[in-house]
Structures are given as structure tokens and as C-alpha cells.
Amino acid sequence: TRASAVKKKCLVTGGAGFLGKHLVDRLLASGKYDVVVFDIRDSGDPRVNTIVGDLRDPKQVEDALAGVEVVFHCATAAPAAANTANKTLMYDVNVKGTQNIIDGCVTQSVNTLVYTSSASVVFDGKDLINADESMPYAQKPIDYYTETKILGERLVLSSNKRSGLATVALRPSGIFGEHDPLLVPLTVANAKKGKMKYIIGSGKNLMDFTYVGNVAQAHLLAADALEKGTHAKCAGKAYFITNADPQPF
Ligand code: NAD
């Protein structure tokens with residue numbers, strides 16, 4: 001039909017990053033979206049319009065959101081070891097930057113905001129077995145990065161229904177897959193340095209890792225579900241994202 005041929009304009013923050021690039025691939029493959037990337041570095045992707053901008057600048061964010069219907073907010077400051085300098089950076093990007101996105105959505109009448117959170121928002125250092133979304137946020141987050149992810153998630157979820165904006169938060173755990181810049185390279189580097197000879201505890205602990213394509217797919221599904229607006233079942237809620245079978249596209 002004619003209506004289905006009309007593409008939605010979406011903005012992917014962090015679209016030059018690991019998850020963001022996979023998300024862009026899937027958004028384009030869906031045929032439903034015109035994709036704009038907003039990132040502090042150039043995505044180098046000729047298929048999309050990239051706005052090189054900084055989430056910490058409210059005006060740049062607001063301008064980037066003109067005419068946008070759906071925002072996928074995937075950007076984060078790199079979760080490196082926290083020192084005072086990057087604590088400020090982390091807070092400014094992950095918390096104030098998220099507030100800038102929300103305010104920009106409201107000003108520019110964006111309908112839908114999908115926020116990439118993290119499963120670590122509920123991790124207090126104790127085993128989590130069959131944990132679900134009814135768990136409270138960690139009282140003592142494992143690091144400052146996670147603290148800012150909690151604050152960002154709270155901002156996003158409490159903004160559901162603000163001027164008709166529908167929001168959802170997705171919480172992947174560790175992400176792996178093609179072009180992974182961190183997890184596997186770091187594991188290999190540690191192994192080469194001889195740092196992986198020892199097992200702490202029984203060695204039977206489990207950790208959830210999710211394929212990056214599945215995490216990206218979850219973002220598309222969340223945006224589809226939010227087409228119903230602020231009364232969609234998932235609106236204003238957070239969801240853990242974990243692995244089922246790899247989702248082809
Ligand atoms: P990434 O570092 O590969 O990508 C983040 C992107 O954000 C980068 O391209 C970076 O340039 C951009 N960015 C940083 N500061 C910015 C700023 N001030 N303005 C605009 N853009 C800025 O990270 P990723 O692994 O793709 O993570 C994507 C999302 O998934 C993040 O929200 C992260 O918290 C979440 N997450 C990641 C993992 C994981 O294992 N990688 C696990 C759980 C949650």
C-alpha cells in the first residue's frame with residue numbers, strides 16, 4: 001500500500017559504535033526506516049546521513065531530532081576505569097546527554113524513544129538466578145558506568161507519556177558478535193598475557209552473553225511495539241534482552 005511505502009525517519013545515537021552499526025544494518029534491511037546517525041565520530045557509512053555531534057550539546061541534539069519519529073539512543077561514553085575526569089564525562093554523556101535526548105524529543109514532537117540500558121542495572125554483586133524485571137535497581141552498582149546507566153534508564157522510563165512520548169528501555173548483558181571491539185579482543189589479550197590461568201570459585205558460574213544481532217533486533221521489535229504509543233504494553237518499562245536463536249534478517 002502507499003502508506004507502508006512511507007519510511008519513518010529514525011535517529012541512532014552511537015550509530016558509529018559496535019551495537020549502533022548492527023542496528024543501522026537491520027533498520028536499513030527492514031525497509032521501514034530512513035536512518036540518521038548521531039555520533040561524536042563519523043560512522044563512515046555511506047548509506048546513512050551521519051550527523052557528527054555531541055550529546056552534551058542540547059542544541060545539537062535538538063537540531064538533529066527535527067522531523068524524527070523514532071530515536072534509538074545507543075550512545076555511551078566508553079566504560080573505562082573510572083577516574084575523576086571520565087566520571088564527569090560519563091555523567092555528562094550518559095545522564096545529561098540522555099536528558100538532552102528526552103528534552104529534544106519533547107520539543108521536536110518525537111513519538112518513540114528506545115533506550116539501550118544494561119542488565120547490570122540490577123547487579124549488586126550477588127548471584128542472579130532466574131532474575132526478572134521485577135528486580136529493583138542495584139543499591140550499590142558495580143561501577144560508575146552502571147550508576148549512570150541506572151540514572152539514564154530512570155530518566156527515560158519516567159518520561160513515558162511526557163507530551164505523548166512513548167519510551168522503553170532494553171537491558172542486554174554482555175554483547176558479542178562481528179566487529180566486537182572489546183569483549184573478545186580483551187579476553188584474547190588477557191589470555192596472551194597469561195592472565196587466564198586461574199579460576200575463581202568453582203568455575204561453574206554462568207554469565208549471559210547476547211549476540212549483537214539479537215540485541216539490535218530487539219530494538220526494532222521495541223520500536224514496532226511502541227507504534228501503539230504511550231499505552232503500548234511495553235511503554236515505560238524495561239526489558240532484559242537475552243539470547244534465543246540468532247535472528248536472521
Ligand atoms: P560503543 O562504544 O561501541 O558505541 C558507543 C558510541 O557512542 C560510539 O560510537 C561513540 O563514539 C558514541 N558516543 C560517545 N560519546 C558520545 C557523545 N558525547 N555524543 C555522541 N556520541 C557519543 O558501545 P556499544 O558496545 O555499541 O554500546 C551501545 C549501548 O549498549 C550502550 O548504551 C551501552 O551502555 C549498551 N550496552 C553495551 C554492552 C556491551 O557489552 N557492549 C552491554 C550492555 C549494554
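Student: Where is the place of Asn-160?

Tutor: Asn-160 sits in the loop between H5 and strand S6 (166-172). Such labels are given to DSSP runs, numbered from the N terminus: helices (H or I, at least four residues) and strands (E, at least two). This is a predicted model, in which local features need pLDDT of at least 70, side-chain atom pairs count only at pLDDT 80 or more, and totals for chains, interfaces and linings use all residues. Residues are numbered from 1 along each chain as its sequence is written, and side-chain values use heavy atoms, with hydrogens and water left out.

Student: Why is Asn-160 called buried?

Tutor: Its relative accessible area is 14%. Buried means under 20%, exposed over 50%, and partly exposed in between (1.4 Å probe, protein chains only). The 14% of Asn-160 is under 20%, so the residue is buried.

Student: What makes the pair of Asn-160 and Thr-167 a polar contact?

Tutor: A polar atom in the side chain of Asn-160 lies 3.1 Å from the backbone nitrogen of Thr-167. A polar contact is a pair of N or O atoms within 3.5 Å; within protein, one must be able to donate a hydrogen and the other to accept it, and residues adjacent in sequence count only if both atoms are side-chain atoms. The 3.1 Å of this pair is within 3.5 Å, so the distance fits.

Student: What is notable about the phi of Lys-161?

Tutor: Phi of Lys-161 is near 80°, a positive value in a residue other than glycine. Most residues other than glycine have a negative phi. Ser-163 also has a positive phi, of about 50°. Lys-161 lies in the loop between H5 and S6, and Ser-163 has its place in that loop too. With 48% relative accessibility Lys-161 counts as partly exposed, while Ser-163, at 58%, is exposed.

Student: How do you know that Lys-32 and Asp-224 meet in a salt bridge?

Tutor: A salt bridge is a side-chain nitrogen of Lys or Arg within 4 Å of a carboxyl oxygen of Asp or Glu. For Lys-32 and Asp-224 the N to O distance is 2.7 Å, so the pair qualifies. The two come from distant parts of the chain, 192 residues apart: Lys-32 is in the loop between H2 and strand S2 (33-39), and Asp-224 is in helix H7 (residues 212-225). Lys-32 counts as partly exposed at 31%, and Asp-224 does at 33%.

Student: Why are Asp-63 and Lys-59 separated by about one helical turn?

Tutor: Because they are four residues apart in helix H3 (residues 58-64). Their side chains meet in a salt bridge at 2.9 Å, N to O. Asp-63 is partly exposed at 43%, whereas Lys-59 is exposed at 53%.

Student: What about Lys-96 and Asp-92?

Tutor: Their closest N and O atoms are 3.4 Å apart, which is within 4 Å, so this is a salt bridge. Lys-96 and Asp-92 are four residues apart in helix H4 (residues 84-107). Lys-96 counts as partly exposed at 45%, but Asp-92 is buried at 18%. Elsewhere, shared partners join Lys-8, Lys-32, Asp-224 and Glu-227 into one network of salt bridges. The structure holds 10 salt bridges.

Student: How many disulfides does the structure hold?

Tutor: Zero. A disulfide is a pair of cysteine sulfur atoms within 2.5 Å. The cysteine sulfur nearest to that of Cys-74 belongs to Cys-10, 10 Å away, so Cys-74 is in no disulfide. Cys-234 is in none either, because its nearest cysteine sulfur, that of Cys-105, is 15 Å away.

Student: Which residues are closest to the ligand?

Tutor: Leu-19, Asp-39, Asp-54, Tyr-145 and Lys-149 are the closest of the 24 residues that surround it. A residue is near a molecule or strand if one of its heavy atoms lies within 4 Å of it.

Student: What makes Asp-54 a polar contact of the ligand?

Tutor: An N or O atom in the Asp-54 side chain is 2.9 Å from a nitrogen atom of the ligand, within the limit, so the pair counts. A polar backbone atom of Leu-55 is 3.0 Å from a ligand nitrogen atom.
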